[in-house]
Amino acid sequence: MAVRELELVEILEDIEKKYPGEEDRIRRAFEYISDKHRDQLRKSGDPYVVHPVNVAKILADLNMDATTVVAGLLHDVLEDTDATYEEIEELFGKEVADIVEGVTKIGKIRFRNLKEAQAENFRKLILATAKDIRVVIVKLADRLHNMRTLGHLRRDKRVRIAEETLSIYAPLAHRLGIWEIKRSLEDLSFKYLYPREYEKVRKFVSQSLEDLEVYLKKFVIPRVKEEIKKAGIEAEITYRPKHLYSVWQKTIRKNIKLEEVHDLLGVRIIVSSVQKCYMVLGIVHSIFTPVPGKFKDYISLPKPNLYQSLHTTVIAPKGRMVEFQIRTREMHERAEKGIAAHWAYKEGKEKAHGEEIFSWLRDLVENIQGSKNPSEVLDNLKRELFSEEVFVFTPKGDLVVLPMGATPIDFAYHIHTEVGNHCAGAKVNGRIVPLSYRLRSGDQVEIITSPSKRPSPDWLSLVVTSKAKNRIKHYLRQVERERFLSEGRRIFERIKESAGVSSEELVEKLKKKIRFKEEEDLYIALGSGKLTATKVLDILSPKKRKKTDDRGEPSGKGVASVEGLTGIMYEIGNCCNPVPGDEIYGVGKRGKSIVQHEKARKKQA
Ligand code: MN
């Protein structure tokens with residue numbers, strides 16, 4: 001224990017050295033967490049503070065600002081101790097308190113079903129929950145230290161955490177461009193999930209590297225160095241082995257043996273300007289023959305996570321293929337630290353705040369020389385980092401992603417059309433909410449269905465997803481069609497009776513005058529009022545009708561001969577289409593004619 005504590009003090013001093021002027025805040029944070037976590041132990045038997053101090057160290061190594069480092073020290077106190085947000089805010093400031101709270105929130109997300117589509121949703125959820133990207137960076141540092149100490153946990157727990165790391169956190173680190181963390185997370189997950197393959201790859205790589213290093217030092221690097229020097233360019237030449245997980249992935253992706261992976265060691269050349277990158281590329285290509293199709297210009301066309309570099313593979317002496325990566329110092333920093341480089345701590349000053357990230361990204365993208373479409377790069381990145389979606393859960397805990405503004409009806413249709421069509425109400429986090437409730441990230445949504453409930457037209461103004469909109473419209477159209485159909489049949493029967501013909505005769509007669517494909521179309525035309533009974537009767541006996549209605553207006557307007565009343569202006573109700581013989585009643589409209597409705601329909605009129 002004493003040894004452990006000594007080690008801790010050393011780590012802490014290391015951190016403090018990096019942040020002159022912030023020693024006090026860092027030391028206070030350490031004392032605070034030592035007190036808060038005092039009775040807690042890690043599974044390894046270490047005092048709990050070993051964990052947050054190491055997390056803070058990882059953040060300091062990423063050159064994060066002092067606020068993030070302090071938040072790293074405090075990241076577990078809200079969850080595991082009696083500390084409160086207010087207390088943290090008072091002692092260490094609002095920014096620190098917000099970051100710690102964000103990390104705590106992410107810690108409460110339960111990841112279920114890590115298949116790719118769901119995993120992607122969880123990654124988005126984390127980004128959306130975080131608000132400040134520093135929250136995600138602290139979470140990644142937290143996960144990295146937990147992965148490093150995973151060996152102390154039970155096997156089933158190890159596997160679960162490693163799976164989660166590989167499908168959620170490593171890709172997240174990749175998306176943010178934090179290469180250092182991504183590499184470590186992948187290799188550690190690899191080790192716990194596929195121990196045998198891991199061992200095989202590790203052995204192979206360590207043996208081959210020795211040989212490769214000798215080769216590079218003898219045949220490749222001296223020649224490149226010499227030519228670059230002749231051109232008057234200052235450059236730093238290093239080489240770095242491919243990480244184990246990516247070697248293994250390559251054998252799977254390309255279906256090749258380990259022995260066939262040739263780019264275990266890439267040569268990296270770092271220069272001071274973009275122009276010099278291209279000059280060095282020219283030099284490399286003049287010394288060795290480039291392999292066609294292997295040259296990639298990520299300086300002109302950066303990757304979506306803003307990674308920039310020139311990549312080329314050449315055939316070096318003895319016919320071996322060697323990959324070169326050529327970039328500026330700044331590009332290199334960004335390649336290793338990604339978005340974390342934004343908070344790079346310089347000269348004792350807090351450089352920037354979370355909200356400034358937009359302008360930072362904009363500047364960055366605009367500064368990318370020769371980029372063909374900087375706005376597209378920026379848009380993609382923004383979409384990925386600042387989601388316009390809400391993330392909600394089913395009662396079983398499955399994650400559902402919906403656009404901002406979605407309501408329980410959208411959720412219901414997302415689950416199933418039938419759930420949507422019978423959606424009678426909703427509970428959010430156990431409480432009944434109106435169907436107009438706008439869902440918020442983290443809500444757990446339960447839909448109450450009822451067999452008698454049906455979609456109503458005003459739902460259309462409540463939903464935002466096209467799926468819900470289409471399903472509701474579809475349903476309403478279908479209901480309308482059925483209503484028109486039965487209404488049309490009824491009108492047809494009346495006409496038939498008053499004309500004294502059989503159905504077949506009537507259909508035949510009408511077919512000659514009006515175009516329709518199926519009999520159903522005729523009924524729907526009648527039921528919807530597109531074809532009025534008056535018009536049909538006109539067709540059947542044109543002369544007789546001409547007397548009263550020589551304009552032949554399609555809508556039944558005219559002067560009625562209703563028993564007891566004559567010469568009264570009337571309109572036939574559009575809703576029920578009464579025909580001669582139907583019992584009718586009238587609804588007087590002020591200053592207008594009487595609207596006649598079929599009597600049986602009175603209640604609905
Ligand atoms: Mn932790």
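In this predicted model, the manganese ion is coordinated by four side chains: His-51 through NE2, His-75 through NE2, Asp-76 through OD and Asp-142 through OD. The coordination distances run from 2.2 to 2.3 Å. Donors are N, O and S atoms within 2.8 Å of the metal (3.2 Å for Na, K and Ca); water is not among the atoms, so sites may look incomplete. Along the sequence, the donor residues follow the spacing H-x23-H-D-x65-D. Distant parts of the chain are linked here: His-51 belongs to helix H3 (residues 50-61), Asp-142 to helix H9 (residues 133-148), and the two positions lie 91 residues apart in numbering. Helices (H or I, at least four residues) and strands (E, at least two) are DSSP runs, numbered from the N terminus. Both His-51 and Asp-142 are buried. Buried means under 20% relative accessible area, exposed over 50%, and partly exposed in between (1.4 Å probe, protein chains only).

The model is a prediction, in which local features need pLDDT of at least 70 and side-chain atom pairs count only at pLDDT 80 or more, while totals for chains, interfaces and linings use all residues. Residues are numbered from 1 along each chain as its sequence is written, and side-chain values use heavy atoms, with hydrogens and water left out.

The structure holds 28 salt bridges. A salt bridge is a side-chain nitrogen of Lys or Arg within 4 Å of a carboxyl oxygen of Asp or Glu. One of them pairs Arg-27 with Glu-16, with 2.9 Å between the closest N and O atoms. Arg-27 sits in helix H2 (residues 23-36) and Glu-16 in helix H1 (residues 2-18), so this bridge ties together parts that are 11 residues apart in sequence. Arg-27 is partly exposed, at 30% relative accessibility. Glu-16 is buried, at 11%.

Helix H2 also carries a bridge between Arg-28 and Asp-24. Their closest N and O atoms are 3.4 Å apart. The two residues are four apart in the helix, a separation of about one helical turn. Arg-28 is partly exposed, with a relative accessible area of 31%, whereas Asp-24 is exposed, at 52%.

In helix H20 (residues 466-499), Lys-496 and Glu-493 are three residues apart, about one turn of the helix. Their side chains form a salt bridge at 3.2 Å, N to O. Lys-496 is buried at 18% relative accessibility, and Glu-493 is partly exposed at 35%. Elsewhere, Arg-183, Arg-240, Arg-268 and Glu-336 are joined into one network by salt bridges that share partners.

Charge also gathers in surface patches. Patches are made of residues with over 30% relative accessible area and no salt bridge; like charges are joined within 9 Å, and nonpolar side chains (Val, Leu, Ile, Met, Phe, Trp, Tyr) within 5 Å. Accessible areas come from the Shrake-Rupley method with a 1.4 Å probe. Lys and Arg count as positive and Asp and Glu as negative; His and the chain ends are not counted. The place of a charge is taken as NZ of Lys, CZ of Arg, CG of Asp or CD of Glu.

The negative patch contains Glu-504, Glu-505, Glu-508, Glu-518, Glu-519 and Asp-521. Helices H21 (503-513) and H22 (519-528) each supply at least two of its residues. H21 gives the most, with three. Glu-519 lies in H22 and is partly exposed, at 41% relative accessible area.

The positive patch brings together Arg-253, Lys-254, Lys-294, Lys-296 and Lys-303. Lys-296 is part of strand E4 (residues 296-297). Its relative accessibility of 37% makes Lys-296 partly exposed.

Helix H23 (residues 533-540) is mostly covered, with six of its eight residues buried. These are Ala-533, Thr-534, Val-536, Leu-537, Asp-538 and Ile-539.

Two asparagines have unusual backbone angles. Most residues other than glycine have a negative phi. Asn-255 has a positive phi, near 55°. Asn-255 falls in the loop between helix H13 (244-253) and strand E2 (265-271). Asn-255 is exposed, with a relative accessible area of 69%. Asn-429 likewise has a positive phi, of about 50°. The loop between strand E9 (423-428) and strand E10 (431-433) holds Asn-429, which is partly exposed at 48% relative accessibility.
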